[in-house]
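Trainee: Could you walk me through how to read a model like this one, feature by feature?
Mentor: Sure, have a look at it first.

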Amino acid sequence: MNITSEQPKIIVIGSSSIDLVLNTANSPHPNETVMAEKSESFFGGKGANQAVATSRLGASVYFIGAVGMDPFGQQILRNLVDEGVNVGYVVETEDAPTGTAYVVAAKGVNSIVVVPASNYCLEPKHVAEAEKFFATADLVLIQLEIPMDVVEYTSELVKKYNKKLGIYASPAKKLSPEVIANATFIVAKSNELSIIFGDDPREEILRKYPNKLFVRDDTNSTTYFNGTEMNYYRNDHDCVLHKMGMGDAFTAGFAVALCHHNKIDDCVKFGNDVSLKVTKNRGSQSGLPYLKDILEG
């Protein structure tokens, strides 16, 4: 794994939220009421998670997103600033409250309901306002908790400036051929491939996108086709305790490693190492490692 002396410049366009977690003994069935053992709140949203993750891994990060003009929005902005993320192009809207996610955590399984709220107020024009930064960026990251017209506009802007584009295709939505073509890499969950790419068999989908599509599952494993053979990389604890944010952490780690001009195999390994660290702490951002944590093992 090679880490150069240059600081990568990464633009993250995506969601932010406050995650409200209810810890229960069992997930409720329909028409059933269960008692929570405790409730917790964390900073979340796939975009904000990746912004914090890449910043902690040594990148210079610009975040483009939307929050409400409410206490949650102010908390998110302060947290991002504290994490060294530039929030100059985060929209503060009066049209919707800040996004939230409601998580029922029981026996190692998370059931999540996301309220996009202000995240769906993000528009292509907000990305356009930050266009000058695309010319000097090393890489752009995007996820799918924001409107698809923003994803598609970003894809075209990245193509215009010939920059790398990483997509974490979650929550799963069908991607247009143009967005797929413009992406440098796509991270997807193994059980959502058919939503994104259609009903072809998993291996056939992987073979269509050599060294571009990286399929993840919650055991911290990554599968990809390198143009010659199928590759599978996994590293996990005996028990993966906290699974929230693993995909964001992998995506951020892979992106940073790619910015330092590492081989794909090393980018996957680095992404997996970053993802593994997240499982040790509750909350999508709490366990995100700093670069020194990974390099020191």
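Trainee: Where does Pro 171 lie?
Mentor: Pro 171 sits in the loop between strand S11 (164-168) and helix H6 (177-182). Keep in mind that this is a predicted model.

Trainee: What should I look for in the backbone there?
Mentor: As a general idea, most peptide bonds are trans, and most residues other than glycine have a negative phi. Here the bond from Ser 170 to Pro 171 is cis, with omega near -10°.

Trainee: And the phi part of that rule: which value does Ala 117 take?
Mentor: A positive one, near 45°, and Ala 117 is not a glycine. You'll find Ala 117 in the loop between S9 and helix H3 (124-128). Ala 117 is buried, as its relative accessible area is 17%, and the cut-off for buried is under 20%.

Trainee: What is the phi of Asn 220?
Mentor: About 65°, so again positive in a residue that is not a glycine. Asn 220 belongs to the loop between strand S13 (213-217) and S14. Asn 220 is buried too, with a relative accessible area of 0%.

Trainee: S14 comes next, then. How does strand S14 pair with strand S15?
Mentor: Strand S14 (residues 221-225) and strand S15 (residues 230-234) run antiparallel to one another, over five bridges. To find the register, start from Thr 223, whose bridge partner in S15 is Tyr 232. The hairpin has four residues between the strands, and Gly 227 takes a positive phi near 100° in this hairpin.

Trainee: Let's try a sheet. In what order do the four strands of the open sheet come?
Mentor: A handy idea to begin with: side chains in a regular strand alternate between the two faces of the sheet. In this open sheet the order is S3-S2-S8-S9, and the pairing is mixed. Strand S3 (36-44) and strand S9 (109-115) are the edge strands, each pairing on one side only. From one strand to the next, the twist averages 20°.

Trainee: What packs on that sheet?
Mentor: Helix H2 (residues 71-82) does, touching S2, S3 and strand S8 (100-106). The direction of H2 makes about 100° with that of S2.

Trainee: How many bridges join S2 and S3?
Mentor: Eight, with strand S2 (residues 17-24) and S3 pairing in the antiparallel sense. To line them up, put Ser 17 opposite Gly 44 in S3.

Trainee: Now the interior. Which residues touch the most other members of the largest nonpolar core?
Mentor: The general picture is that nonpolar side chains tend to be buried together in soluble globular proteins. The largest core in this model has 41 residues, and Ile 10, Leu 80, Leu 139, Phe 185 and Phe 254 touch the most other members. Helix H9 (residues 246-259) gives the most to this core, nine residues. Apart from it lies another core, of 40 residues, including Ile 13, Val 150, Ala 183 and Leu 193.

Trainee: What does Phe 254 touch?
Mentor: Leaving out residues up to four places away in sequence, Phe 254 touches Phe 185, Phe 214, Ile 264, Cys 267, Val 268 and Gly 271. Phe 254 is buried, with a relative accessible area of 0%.

Trainee: Some of those are aromatic. How many aromatic pairs does the structure hold?
Mentor: Seven. One of them is Phe 214 with Tyr 224, a tilted pair at 5.3 Å centre to centre and 40° between the planes. Phe 214 is in strand S13 and Tyr 224 in strand S14, ten residues apart. Both are buried: Phe 214 has a relative accessible area of 0%, and Tyr 224 has 4%. Phe 214 also pairs with Phe 254, centres 4.7 Å apart and planes at 55°, so this pair is tilted as well. That pair links strand S13 to helix H9, across 40 residues.

Trainee: Which residues form the aromatic cluster?
Mentor: Phe 185, Phe 214, Tyr 224, Phe 250 and Phe 254 form one cluster.

Trainee: Last one: at what angle do H9 and H10 pack?
Mentor: About 140°, with the axes of H9 and helix H10 (residues 264-278) 7 Å apart. The crossing is right-handed. Among the contact residues are Phe 250, Gly 253 and Phe 254 of H9, along with Ile 264, Cys 267 and Gly 271 of H10.

Key. Residues numbered from 1 in each chain as written. Predicted model: local features only at pLDDT ≥ 70, side-chain atom pairs only at ≥ 80, totals over all residues. Heavy atoms only, no water. Pairing = 2+ DSSP bridges. Helix = DSSP H or I, 4+ residues; strand = E, 2+ residues; numbered from the N terminus. Axes fitted to C-alpha atoms, helices over the stretch in contact; angles between N-to-C directions. Contact = heavy atoms within 4.5 Å. Core = buried A, V, L, I, M, F, W, Y, C linked by side-chain atoms within 4.5 Å. Buried < 20%, exposed > 50% of the residue type's maximum accessible area, 1.4 Å probe, protein only. Phe/Tyr/Trp six-rings, centres within 6.5 Å; stacked < 30°, edge-to-face > 60°. Left-handed = near helix turned anticlockwise from the far one by under 90°.
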